Amino acid sequence: MTSIAILGFGVVGGGVADLIIHNSKEVNHHGGDDINIKYVLDLRDFPDSPLADRVVHDYSVILSDPDVSVVIEVMGGSHPAYEYTVAALKAGKSVITSNKEVVANFGDEFLALARENGVCYRFEAAVGGGIPVISPMLSCVGQNKISEVRGILNGTTNYILTQMFTYGRSFESALKDAQEKGYAERNPDADILGTDACRKIAILTSLITGALIPTELIHTEGITKIRDNDVRAAEAVGCTIKLVGRGFAGEKPFCTVAPFLVPSDMPLSGVSGVYNAVEIIAEPLGNIMLYGQGAGAGATASAVVGDLMQVMRMGTGCYAPVLNKCTDIADYDGFASRFYIAADKAYSDIVLEAFPSAVVIPSESECAIITESMSERELSDRLSAIGVTPLSKIRVL
Ligand code: HSE
């Protein structure tokens, strides 16, 4: 019998308990043992839950119980998740989490502590919800040279963008719809400003480079500036717009999150609604894409309990490489791509003169082009030289 404690009995914590209870046969078969949810830590009581008698409010009860070998931290946020994780690892308990914020901020520290204490720290559910991404990337693809990992890592923004493209909704109307359907929070900033996707790409990039990039170093743009005219321009050139996180293993690590025009022949363009997908570009493997539900109680619980099964079957063997904290990443201004630029129609002549190789997008109301590949620096220099502030500037994948 493996005894565990669940920290946080919200949507994900409840989903984890439900999965363990309802799929007990599969869990036993796959994990090789029965699981006893010995404690549930929460500020609240749950008198109607079948686990009502396991609820505790004092974390020291869990820490001091030698029966508990695995702590499932599904509280969210950095604190007290950080303190609880450190204490559990030091107490010789493995920790599994779905909490991307705490992994992005302190994952390097936790992996080192886990190694020192002969236990495991796993976080499959922190990226891509229920999609197995981290384990396959480390254990099945790790022998390749991974040059890039990129993906649609936030379901809320992907739902909003899908609504804008499929139903012609404005950003504001699509956001309202997402809130009414419960996909977007009442305060949607972490999703629409790109913060959530930034944490996830920081985690993925760390695993391909060995360096955890502090999120404040990551150039992050959300989807709030995407205009109806941008949607029409993208469609006119056979593209959709997606919020894409991209992480590169070059001489210096680099990652970013921003909206990208995605040509319709690229696999990420077909990822619609609340779905997520992660594409890994590896040599000699080539490109693979992992696709599925990036959020929700059942999907996230599947990834959390999958980690638990791995700890039960494989013991505390090393899960991820020890990570260094990265202080120096490649310069965003040097990051090259093609750009979609929209400017006031009055600037058409000077814009076309400054970008003679550009593809011109037909538009009655604006001057819209796709440039050749160039760095952010070169683009800004050329626009400054002609005194044009674009209405939109979106990279092309
Ligand atoms: N708010 C996140 C999303 C939830 O929309 O993808 C899962 O991390």
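This is a short tour of the ligand site, two pockets and two cis peptide bonds in a predicted model.

**Stop 1: the ligand and its shell**

Start by selecting the ligand together with the residues around it: Lys100, Asn154, Gly155, Thr156, Asp191, Asp196, Lys200, Gly294 and Ala295. Colour this shell by residue class and you will find four charged, four polar and one nonpolar residue. Now bring up the secondary structure: helix H7 (155–166) and helix H10 (195–209) are the elements that each give two or more residues to this shell.

**Stop 2: polar side chains at the ligand**

Next, show the side chains of Lys100, Asp191 and Asn154, and draw distances to the ligand. From Lys100, a side-chain N or O atom is 2.6 Å from an oxygen atom of the ligand. At Asp191, the partner is a nitrogen atom of the ligand, 2.8 Å from an N or O atom of the side chain. Asn154 places a polar side-chain atom 3.4 Å from a ligand oxygen atom. How much of the ligand's accessible area does the protein cover? On its own the ligand has 260 Å² of accessible area, and 80% of that is covered by the protein.

**Stop 3: the largest pocket**

Zoom out a little and turn on a pocket surface. Which pocket holds the ligand? It is the largest one, with about 1,000 Å³ of space. Its lining runs to 40 residues; for a view of the middle, select Val12, Lys100, Glu185, Asp196 and Ala295, which lie nearest the centre. Lys100, Asp196 and Ala295 will be familiar from the shell around the ligand.

To see which helices build the wall, highlight helix H1 (11–22), helix H5 (100–116), H7, helix H9 (189–192), H10 and helix H12 (297–314); each supplies at least two lining residues. Coloured by class, the lining of this pocket shows 18 polar, 14 nonpolar and eight charged residues.

**Stop 4: the second largest pocket**

Now move to the second largest pocket, which has about 320 Å³ of space. Select Glu221, Lys225, Ser392, Lys393 and Ile394 to land nearest its centre; they are among the 13 residues that line it. Strand S19 (residues 392–396) gives the largest share of this lining, with three residues. By class, six of the lining residues are nonpolar, four are charged and three are polar.

**Stop 5: two cis peptide bonds**

Finish with the backbone. Select His79 and Pro80, which are joined by a cis peptide bond with omega of about 10°. Pro80 is in the loop that connects strand S4 (68–73) to helix H4 (81–90). Then select Glu283 and Pro284, where the peptide bond is also cis and omega is near 10°. Where does Pro284 lie? Look in the loop between strand S12 (275–283) and strand S13 (286–293).

Key: Residues numbered from 1 in each chain as written. Predicted model: local features only at pLDDT ≥ 70, side-chain atom pairs only at ≥ 80, totals over all residues. Heavy atoms only, no water. Near = heavy atom within 4 Å. Polar contact = N/O pair within 3.5 Å; in protein donor to acceptor, adjacent residues only side chain to side chain. Areas by Shrake-Rupley, 256 points an atom, 1.4 Å probe, with all protein chains shown as cover. 1 Å grid on protein atoms, 1.4 Å probe; cavity = no way out; pocket = protein on both sides within 12 Å on 5 of 7 lines; lining within 4 Å. Sits in = over half its atoms within 2 Å of the grid points. Helix = DSSP H or I, 4+ residues; strand = E, 2+ residues; numbered from the N terminus. Nonpolar A, V, L, I, M, F, W, Y, C, P; charged D, E, K, R; others polar. Points joined across faces, edges and corners; volume = space filled by probe spheres on them.
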